[in-house]
Amino acid sequence: MRELRAAFPKTVPVLFGYVFLGITYGVLMVTNGLPFWLPTLTAAVIYTGSMEFLLVSILLSSFHPLSAFATALMVGARHLFYGIAMLPKYRGSGPMKFYLIYTTSDETFALNYDAEIPEGLDRTRYYFFVSLLDQSYWVIGTLIGGLCGSLIRFNTEGLDFVMTAMFLSIFMNQWMKDRDEKQSHAPELIGTACSAVCLAVFGPDRFLIPAMLLILAVLALGRKKQDGPGRKKQDRIREGRSTSR
């Protein structure tokens, strides 16, 4: 399929990242005494990356449903922003929309949002194959990690820091991309500043949701200010055209 051939090269960086992250997650699960098949199952069903790493400690501790729900909500809150941004691109995708929404991970969002789809290809199928490939990489990685985890004999303490390192790498890549393209660093600075303020006010265990809401409010306010002059200009153009008629 042409869409698959076009999508695969774009997902190769995700392939290397997800496979190694998945192996780390699988090893972390098994070395903590959980069954080898559980990483693969959670990778296919949950598929939120950072939440799955947190799931290890949740499963090993006393089960508190409300606490687990709140944790999942806070960690997954960023997907609200992904969903809002992808609504125009996924419009008209039919039954595939549900799968596209489900598989909108951080990296899949980045690839599909900035995708330059070659002319003549079906956009929905292209988005679908990017999403399917990315999820497959994650599941395959966790399967390898789960199978190999029982063979690990060295100390695996600190493996859960891999997600922090990944998000830091994503932040730096976006910063350098904006610098090279001479774009404003405002989104990165807004996200960092809002997170820092909420971290100081609410503490490390409760800052995530307030930070997301604050970022959304600041970005929405900034968008409104930018759209205001543009809309007024468009209204003047329309008025001039109607007068000339």
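This report describes the fold, the nonpolar core, one pocket and several individual residues of a predicted protein model.

## Overall architecture

The protein contains 11 helices and zero strands. Its order along the sequence is therefore written with helices alone, as α-α-α-α-α-α-α-α-α-α-α.

Of the 245 residues in the protein, 33% are buried. The exposed surface amounts to about 15,400 Å², and carbon and sulfur atoms account for 67% of that area. Where contacts link residues at least 6 apart in sequence, 73% of them join residues at least 24 apart.

## The largest nonpolar core

In soluble globular proteins, nonpolar side chains tend to be buried together. In the present model, the largest nonpolar core has 31 residues. The members that touch the most other members are Tyr 25, Met 29, Tyr 126, Tyr 127 and Trp 138. Two or more residues of this core come from each of helix H1 (2–31), helix H2 (38–45), helix H3 (50–60), H5 and helix H8 (123–149).

The surroundings of Tyr 25 can be listed in detail. When its neighbours within four places in sequence are set aside, Tyr 25 is in contact with Pro 39, Thr 42, Glu 52, Phe 53, Leu 55, Val 56, Trp 138 and Thr 142. Trp 138 is thus both a contact of Tyr 25 and one of the core residues that touch the most other members.

## The second largest pocket

The second largest pocket holds about 300 Å³ of space. Its lining consists of 17 residues, and those nearest the centre are His 79, Gly 83, Ile 101, Tyr 102 and Thr 104.

Helix H5 (78–90) and helix H6 (96–102) each contribute at least two residues to the lining of this pocket. The greatest share comes from H5, which supplies seven residues. By residue class, the lining comprises nine nonpolar, six polar and two charged residues. H5 also gives two or more residues to the largest nonpolar core.

## Residues in helices H1 and H2

Arg 2 belongs to helix H1. With a relative accessible area of 46%, Arg 2 falls between the limits of 20% and 50% and is therefore partly exposed. Not counting residues up to four places away in sequence, Arg 2 touches Gly 120 and Leu 121. The C-alpha atoms of Arg 2 and Gly 120 lie 9.4 Å apart, although these residues are 118 apart in sequence.

Gly 17 is also located in helix H1. Its relative accessibility is 33%, so Gly 17 counts as partly exposed. From C-alpha to C-alpha, Gly 17 and Trp 138 are 8.8 Å apart in space, with a separation of 121 residues in sequence.

Thr 40 lies in helix H2. Because its relative accessibility of 17% is under 20%, Thr 40 counts as buried. Beyond its neighbours within four places in sequence, Thr 40 is in contact with Val 139, Thr 142 and Leu 143. Thr 142 is also among the contacts of Tyr 25.

## A residue in the loop after H8

Ser 150 is situated in the loop between H8 and helix H9 (162–180). Its relative accessible area is 44%, so Ser 150 is partly exposed. Ser 150 and Gly 33 are 117 residues apart in sequence, while the distance between their C-alpha atoms is 9.1 Å.

Key
Residues numbered from 1 in each chain as written. Predicted model: local features only at pLDDT ≥ 70, side-chain atom pairs only at ≥ 80, totals over all residues. Heavy atoms only, no water. 1 Å grid on protein atoms, 1.4 Å probe; cavity = no way out; pocket = protein on both sides within 12 Å on 5 of 7 lines; lining within 4 Å. Points joined across faces, edges and corners; volume = space filled by probe spheres on them. Helix = DSSP H or I, 4+ residues; strand = E, 2+ residues; numbered from the N terminus. Nonpolar A, V, L, I, M, F, W, Y, C, P; charged D, E, K, R; others polar. Buried < 20%, exposed > 50% of the residue type's maximum accessible area, 1.4 Å probe, protein only. Contact = heavy atoms within 4.5 Å. Areas by Shrake-Rupley, 256 points an atom, 1.4 Å probe, with all protein chains shown as cover. Core = buried A, V, L, I, M, F, W, Y, C linked by side-chain atoms within 4.5 Å.
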